[in-house]
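Here's a quick briefing to read alongside the model. Keep the structure open as you go.

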Amino acid sequence: MINELLRIGEFILKSLVHVWPYLVVTIPIAVAIRMSGFSKHIAKVFGRRPFVSIILSTLVGAVSPFCSCSVIPVIASLLIGGVPLAPVMSFWLASPSMDPEMFFLSVTMIGWKLAIWRLVATFMMSLLAGLITHLLVKKKWITEDATLKSQLYSCNNKTPCAKGTETKKSARSNFIKKLLREVYSASFMVLKFMCLAYF
């Protein structure tokens with residue numbers, strides 16, 4: 001029993017060592033985008049043409065080299081950064097299901113015909129997931145206001161970025177402090193659920 005737990009612990013540790021670069025890069029950028037208020041513009045861009053954004057997310061996911069675990073911090077960052085749920089869902093399914101390396105490995109193992117069908121199936125599955133998610137959001141059966149977003153600081157009328165009496169230096173200092181705090185909070189949340197997933 002103890003040996004099994006040690007093996008599980010070793011596996012979790014190795015997996016986290018493999019995925020930490022994605023956490024270090026993606027989460028701080030996403031939190032900074034969210035705090036700056038730029039996430040609203042991102043949401044508008046994706047929201048104007050939902051079908052195009054779903055198709056593009058599927059295409060990007062199919063060529064991105066993320067496995068089912070390393071894609072988690074990227075997904076968390078997209079949600080934090082304000083990307084709507086439907087294209088995120090398409091990317092989430094497409095990325096671990098197919099990438100160029102997996103496609104050519106499939107070609108060598110099962111031949112061109114089945115490998116192409118596998119690629120088509122990945123596109124269809126990811127597109128369908130994105131479209132269903134978009135429909136559910138449009139019908140208001142699920143909400144875009146995900147926990148990842150609502151817990152994070154952002155500039156709005158209730159919580160202004162800087163008061164008129166603050167100096168630029170003071171405002172910058174406050175922004176950096178809040179940024180570090182939110183990065184820690186978001187990273188801890190993602191790591192917590194990743195550890196559970198690895199376990």
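Helices here are DSSP runs of H or I with at least four residues, strands are runs of E with at least two, and both are numbered from the N terminus. This is a predicted model, where local features need pLDDT of at least 70, side-chain atom pairs count only at pLDDT 80 or more, and totals for chains, interfaces and linings use all residues. Residues are numbered from 1 along each chain as its sequence is written, and side-chain values use heavy atoms, with hydrogens and water left out.

**Overall**
- The protein has eight helices and zero strands, in the order α-α-α-α-α-α-α-α.
- Of its 199 residues, 37% are buried (under 20% relative accessible area with a 1.4 Å probe, protein chains only; exposed is over 50%, partly exposed in between).

**Helix α1**
- L13 sits in helix α1 (residues 2-36) and is exposed, at 56% relative accessible area.
- L13 also belongs to a nonpolar surface patch with V17, W20, V24, V25 and I29, about 610 Å² of accessible area together.
- Patch residues have over 30% relative accessible area and no salt bridge (a side-chain nitrogen of Lys or Arg within 4 Å of a carboxyl oxygen of Asp or Glu); nonpolar side chains (Val, Leu, Ile, Met, Phe, Trp, Tyr) are joined within 5 Å, like charges within 9 Å.
- Those areas come from the Shrake-Rupley method with a 1.4 Å probe, and for residues only the protein chains shown count as cover.

**The loop after α6**
- K140 lies in the loop between α6 (100-138) and α7 (147-150).
- K140 isn't a glycine, yet its phi is positive, about 65 degrees.
- Most residues other than glycine have a negative phi.
- K140 is exposed, with a relative accessible area of 73%.
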